[in-house]
Amino acid sequence: MDSTTTSASVETVPDSASAGPSRLTLPVVLTGVALVAMSISGTAIALPNIGRDLDTSGSALNWVVAGYNLAFAAMTLVVGAAADRAGRRRVFIFSAVVFAAGFAGTAAASSIVLVDIARIVSGIGGAGVMAAGGALLASSYDGAARNRAFAFMGTMAGVGIAVGPTLVGGLIAGTGWRGSFVVFAVLGALIALGAGRLAESRADESRTDWLGSTLFVLALSAVMFALLEAPELGWGHPVTVAALAVGGIGFLTFALAQRRSANPILAPELISERRFMGWCLATLTTSIGFLGALVFLPTYLQAVAGHSPATAGLVMLLLTAPVLVTPVVAVTLVNRGLSARLLILAALAFVVVGNFGLLLLGPTNTTSAIAVPLLLIGTGMGTSFGITDGQAMALVPASLVGTAAGFINTLRGAAEALVIAVFSAALLGFLSGRLGDSHYASEVAAGRLSAPTQPSYSGEVAAFTSSWHYTQVGVGGLCLLLSALIALLLLAPQRKKVAHERSSRAQ
């Protein structure tokens, strides 16, 4: 298939007669971003309660978080490309409705299977809110205004990440875990209503690459399924092997199909730009370093340190509070002349050091031991939120802002989904080795330990702690390797431009 595009397809065409963005564009999009971020960070607080209420553990319980992130990662690239073609406002509104419906379904679910399905629905909606929201900002603002808009977007994502665990912990204490999901459903519906007043824009005369979209979703879903189910089924189980094979073949076929597609969802000109890919990998790396602690630490705090959901949410502020302020600080420093590339490398160093610092985690003096590592990781993540999207989008032509926003969020979402799967698999693997039984290990990983007065309790705590340490070494090592690659991409001489014209220039 011919890979060229017509000139008409590279223009962003507004449907509104207004020359500028709607006054509601920024507040509506930023509210949606904050809500999605809160849903990502806060759900982990509810896992022990969901597990006890529905009598579940292991992979079924992990799918409550992993299913959301899988759907988010798999659909963000697809929805971002679709938003360019179908209309960014239209996709944003539809996504907010889907997001709200998924949370309502979760609150009403009577079994863990129904909870997992509803969470996948919510993840699809969240993907559209983030991707179409980023595209709305990129198509509505230029130059310094665009940098500020994306900095605000990073700040609101930071606000959501920061308050998510604390908010959900408080909601669980007051209304139960089901009530907390009802609140998110109502807020999602309100965002959909507010978005009806926004101006529409799209890339004219473009078509969706349905083959590429289907292949991408299938491949990523198969790999995620294998990673999450392997600890219980076994890595040599036919289902695990088949899922990995389907994923590998799917990704290979997807890559080949994208090279021949006239309307690829993964534009080749984005991939060929070193600095764009460097910024994308930077946001991927900080997400890897951040999410392991965000998802799995609350269970440890409640099961081993004895914290209530509300108290665990407060402790998590050490990780999430820096994300409240560092995005704006980072973009301010860049606008005043500090090199964005050097700043992101410093952020990556914080994430690496912080993850290795989490090896101090233990059952006693838990909060004081991990306070500094959590603050370092949160600072690195917040810095990334503030500058990576804006710097990457400055390298993208107007016709690809939705595709590029989707690509960036797909990398971030894929990293989050894979971290959940790999961290869970590693933790369960090490626990199974220490405890000698995979089902027993699943119970411990879900926070369902023996009573402190029972002889088995101390062994469970020791196994849980050492398994966390081994897993954390892998996360820190991966972040270190990726940081070295990012330094090579961002500091290397630039070979080509993605487009002949740019609305702003990356630092």
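**Close-up 1. Helices H1 and H3 run roughly parallel to each other in this predicted model.** The axes of H1 and helix H3, the latter spanning residues 88-108, come within 12 Å and cross at roughly 30 degrees, and because angles under 35 degrees count as roughly parallel, the pair is described in that way. The crossing of H1 and H3 is left-handed.

**Close-up 2. Residues that make the contact between H1 and H3.** From H1, the contact is made by Val28, Val29, Leu35, Val36 and Ser39, while H3 contributes Phe92, Phe99 and Phe103. Sorted by character, the residues of this contact of H1 with H3 comprise 7 nonpolar and 1 polar, with no charged residue among them.

**Close-up 3. The salt bridge between Arg178 and Asp53.** A search of the whole structure finds 1 salt bridge, in which Arg178 pairs with Asp53 and the closest N and O atoms are 3.7 Å apart. Arg178 lies in helix H5 (residues 143-195) and Asp53 in helix H1 (residues 25-54), so the pair ties together parts that are 125 residues apart in sequence.

**Close-up 4. Solvent accessibility of the two salt-bridge partners, Arg178 and Asp53.** Arg178, the partner from helix H5, has a relative accessibility of 26% and therefore counts as partly exposed. Asp53, the partner from helix H1, has a relative accessibility of 45% and likewise counts as partly exposed, because that class lies between the limits of under 20% for buried and over 50% for exposed.

Technical notes:
Residues are numbered from 1 along each chain as its sequence is written. This is a predicted model: local features need pLDDT of at least 70, side-chain atom pairs count only at pLDDT 80 or more; totals for chains, interfaces and linings use all residues. Side-chain values use heavy atoms; hydrogens and water are left out. A salt bridge is a side-chain nitrogen of Lys or Arg within 4 Å of a carboxyl oxygen of Asp or Glu. Helices (H or I, at least four residues) and strands (E, at least two) are DSSP runs, numbered from the N terminus. Buried means under 20% relative accessible area, exposed over 50%, partly exposed in between (1.4 Å probe, protein chains only). Axes are lines fitted to C-alpha atoms, for helices over the stretch in contact, and angles run from 0 to 180 degrees between N-to-C directions. Angles under 35 degrees count as roughly parallel, over 145 as roughly antiparallel, 65 to 115 as roughly perpendicular and the rest as oblique. A crossing is left-handed if the near helix is turned anticlockwise from the far one by less than a right angle, and right-handed if clockwise. Contact means heavy atoms within 4.5 Å. Ala, Val, Leu, Ile, Met, Phe, Trp, Tyr, Cys and Pro count as nonpolar, Asp, Glu, Lys and Arg as charged, and the others, Gly among them, as polar.
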